[in-house]
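Here are some exercises to work through with the structure open beside you. Try each task on your own before you read its solution.

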Amino acid sequence: MSGKKPYDPVESFHELSLLWEKQINDFINHWTANKDFIKMSNAGTEINSRYLEAFKKNQETLASVLNLPTKNDIANIASLTVQAEEKIEALEEQILDLQDSMKSQTREIESIVDISKEIIKLTKQLKTELVKTKKEQIKTKELKAELQEMKLELKKLTNFKEEFESLKGLLEKDKEVERELADSGTSK
Amino acid sequence: MGTEAPFKGSIPEFDYQKEMDRWANVVKLLSEPEPKVAQTPRTEVWRKNKSVLWHYPAKQKKYEIPLFFVYSLFNKPYILDIDPKKSVIKNLTEMGYEVYLLDWGTPGYEDKKIGIDTYVEKYLKTAVKRALRHSEAEEISLVGYCLGGTIASIYASVAEEPIKNLIVATVPIDFSTFVGPEKWVEGLQSGDINIDHFLDVYGVVPPKYVELMFRAIGSPIYFTNYTMLLNRAHDSRYVEKWRRMNKWTQDQVPFAGEAYKQFVNELIIGNKLIKGELVVGKKAADLKNILANLFVVSGSRDNLVLEEQSKPIMDLVSSEDKTYVCVDSGHVGLALSGLLAEIVDQWASSRSNRLF
């Protein structure tokens with residue numbers, strides 16, 4: 001290897017082509033970038049348009065005589081199809097809106113049903129609680145009666161205690177009398 | 001018996017392998033069919049006239065807010081899905097975005113009365129509604145490319161739909177600066193050139209005329225793309241890229257007459273979008289109505305839409321969150337290289353409601 005860049009015949013051609021393209025485009029730009037050329041090209045466009053318009057008119061006239069459809073007739077039919085499509089689309093939109101509102105209503109109904117279920121559940125719970133409370137109330141009443149009974153018993157016991165105490169007092173008195181009698185017998 | 005060449009070392013060597021590769025690729029290029037484009041899997045969501053709304057599902061959905069692409073009326077929709085390896089749409093779906101694309105279709109003579117306002121009101125608006133319904137998202141991000149960005153901006157200024165983000169790339173907004181021969185622009189603005197009658201007669205601008213218009217703006221005579229190809233034909237990757245780029249630049253669509261009239265008279269000559277005088281339906285398409293987060297991307301090597309044409313939108317919108325970037329790219333390269341997907345993701349990822 002000589003260490004030099006290999007010879008590429010296309011590269012120099014490409015470089016030349018870049019130069020040619022630039023020169024040609026510069027020339028075209030220089031040639032066309034003036035008011036006269038612009039006016040002339042505008043006139044050319046206008047002539048082309050008028051010629052084509054006249055040609056189309058003649059074509060339409062001939063086609064109508066021959067009873068043949070033209071591009072305009074087909075375009076009119078196509079626009080009718082688009083109109084029909086737009087109407088269907090509007091209906092579709094309405095259906096979709098209805099579907100949306102139905103969905104939201106269903107969601108609302110579902111949420112109402114959920115709430116109702118919750119309420120029913122709560123009512124049932126309350127009912128059970130009420131039954132429980134009633135049972136407890138009866139039990140409480142029974143307890144109260146028992147307590148009253150116990151109270152009476154206690155009262156009776158208190159009376160008994162008092163009687164017992166009085167009996168105890170009497171016994172002690174008797175013992176004292178007996179002791180006095182014994183003392184008087186020994187002193188004689 | 002060996003002999004030594006007398007001029008060895010002074011004559012440059014000829015790279016035979018390179019030449020073999022070059023001509024093999026040229027033969028391959030001439031004999032092979034056109035490159036396949038638009039290969040990302042998609043489903044049709046809605047159709048009207050020739051327009052179709054496509055849905056590209058995310059590989060693994062990561063963002064709640066979908067991206068809605070609006071491309072230029074001058075091009076075909078595959079520009080955003082041109083190369084399977086570098087496709088903007090494919091890359092975004094792989095990043096986790098649900099992507100929608102409104103394919104404008106190919107207008108025929110019967111569509112001559114479709115104007116930009118019709119495209120906005122009857123096509124884009126409905127398509128956005130359908131995309132919102134299809135994605136079940138509460139908001140949407142609009143992504144406009146080239147003239148698609150202008151249309152997306154016009155729509156965003158009159159939209160009632162919830163647009164969270166507006167992303168526009170290489171977008172012409174201000175037409176007071178315009179690429180093209182100065183005298184021609186002056187002629188257009190002064191009325192010396194009037195193409196209304198031409199458009200009325202033709203109905204739609206034929207694709208060849210659209211191509212010639214772009215040629216006239218840049219280089220009326222253009223053949224160095226072929227010499228460039230020949231020069232680098234030994235590189236298979238370049239040949240592949242060239243084929244796709246060539247397809248893009250030569251594959252134009254007809255432009256509906258009324259839309260073209262509005263484009264020339266109201267946008268280029270009247271510059272009404274900047275002045276806030278553009279009317280769509282019965283609404284004023286004033287850019288100050290835009291409240292969506294705004295992201296503007298320009299290419300420093302873009303010789304079709306200048307930075308000065310895009311930048312003014314930054315001062316005209318009412319958005320609080322607005323970002324402008326200028327990347328090292330040309331007009332076509334931004335989408336062709338797939339760079340747009342990365343840029344969009346970097347900005348939109350934090351503004352698209354990440355799911356996990």
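**Exercise 1. Two helices in chain B**

Task: Find how helix 3 and helix 4 of chain B pack, and list the residues that make the contact.

Solution: This is a predicted model, so keep in mind that you are reading a prediction.
- Step 1. Locate helix 3 at residues 116–135 and helix 4 at residues 147–158 of chain B.
- Step 2. Compare the axes: they are 10 Å apart and the packing angle is about 70°.
- Step 3. Angles of 65 to 115 degrees count as roughly perpendicular, so helix 3 of chain B is roughly perpendicular to helix 4 of chain B.
- Step 4. Look for the touching residues. Helix 3 of chain B brings B:Ile116, B:Tyr119, B:Val120, B:Leu124 and B:Lys125, while helix 4 of chain B brings B:Ile151, B:Ile154 and B:Tyr155.
- Step 5. Sort this contact by class: seven residues are nonpolar, none is polar and one is charged.

**Exercise 2. Two residues with positive phi**

Task: Is B:Asn49 buried or exposed? Is B:Glu136 buried or exposed?

Solution: Start with the backbone, then count neighbours.
- Step 1. Most residues other than glycine have a negative phi.
- Step 2. B:Asn49 has a positive phi, near 50°. For B:Glu136, phi is positive too, near 60°.
- Step 3. Place them. B:Asn49 sits in the loop that runs between strand 1 (43–48) and strand 2 (51–56) of chain B. B:Glu136 belongs to the loop between helix 3 and strand 5 of chain B.
- Step 4. A residue is buried if 20 or more other C-beta atoms lie within 10 Å of its own, and exposed if 12 or fewer do.
- Step 5. B:Asn49 has 20 such neighbours within 10 Å, so it is buried. B:Glu136 has 9 within 10 Å, so it is exposed.

**Exercise 3. Neighbours in space**

Task: Find which residues B:Val168 touches, and which residues B:Leu355 touches. Leave out residues up to four places away in sequence.

Solution: Take one residue at a time.
- Step 1. B:Val168 is part of strand 6 (residues 163–169) of chain B. It has 27 C-beta neighbours inside 10 Å and therefore counts as buried.
- Step 2. The residues touched by B:Val168 are B:Gly144, B:Gly149, B:Ala152, B:Ser153 and B:Val296.
- Step 3. B:Val70 is 98 residues from B:Val168 in sequence, yet their C-alpha atoms are 9.4 Å apart in space.
- Step 4. Now turn to B:Leu355, in the segment after helix 15 of chain B. With 10 other C-beta atoms within 10 Å, B:Leu355 is exposed.
- Step 5. B:Leu355 touches B:Lys61, B:Lys62, B:Tyr63 and B:Glu64. Between B:Leu355 and B:Glu64 there are 6.2 Å from C-alpha to C-alpha, although they are 291 residues apart along the chain.

**Exercise 4. Covering a helix**

Task: Which residues of helix 15 of chain B are buried, and what covers them?

Solution: Go from the helix outwards.
- Step 1. Helix 15 covers residues 339–348 of chain B.
- Step 2. Its buried residues are B:Leu339, B:Leu340, B:Ala341, B:Val344 and B:Ala348.
- Step 3. The cover of these residues includes helix 2 (88–94), strand 5 (140–145), strand 6, strand 12 (322–327) and helix 14 (333–336) of chain B.

**Exercise 5. The fold of chain B**

Task: Describe chain B by its secondary structure, its radius of gyration and its contacts.

Solution: Zoom out for this one.
- Step 1. Chain B has 15 helices and twelve strands.
- Step 2. A compact globule of 356 residues would have a radius of gyration near 21 Å, and the 23 Å of chain B agrees with that.
- Step 3. Of the 356 residues in chain B, 44% are buried.
- Step 4. Among contacts in chain B with a separation of 6 or more, 80% join residues 24 or more positions apart.

**Exercise 6. Where the chains meet**

Task: How many residues of chain A are in contact with chain B, and which element of chain A gives the most?

Solution: Count, then look at one pair of helices.
- Step 1. The contact involves 36 residues of chain A and 32 residues of chain B.
- Step 2. Helix 1 of chain A gives the most to its side, with twelve residues.
- Step 3. Helix 1 (residues 9–32) of chain A packs against helix 8 (residues 224–231) of chain B at about 165°, with axes 9 Å apart. That angle makes the two helices roughly antiparallel.

Conventions
Residues numbered from 1 in each chain as written. Chains lettered and ligands numbered in written order. Predicted model: local features only at pLDDT ≥ 70, side-chain atom pairs only at ≥ 80, totals over all residues. Helix = DSSP H or I, 4+ residues; strand = E, 2+ residues; numbered from the N terminus. Rg over C-alpha atoms; globule rule 2.2 N^0.38 Å. Contact = placed C-beta atoms within 7 Å. Axes fitted to C-alpha atoms, helices over the stretch in contact; angles between N-to-C directions. Parallel < 35°, antiparallel > 145°, perpendicular 65-115°, else oblique. Nonpolar A, V, L, I, M, F, W, Y, C, P; charged D, E, K, R; others polar.
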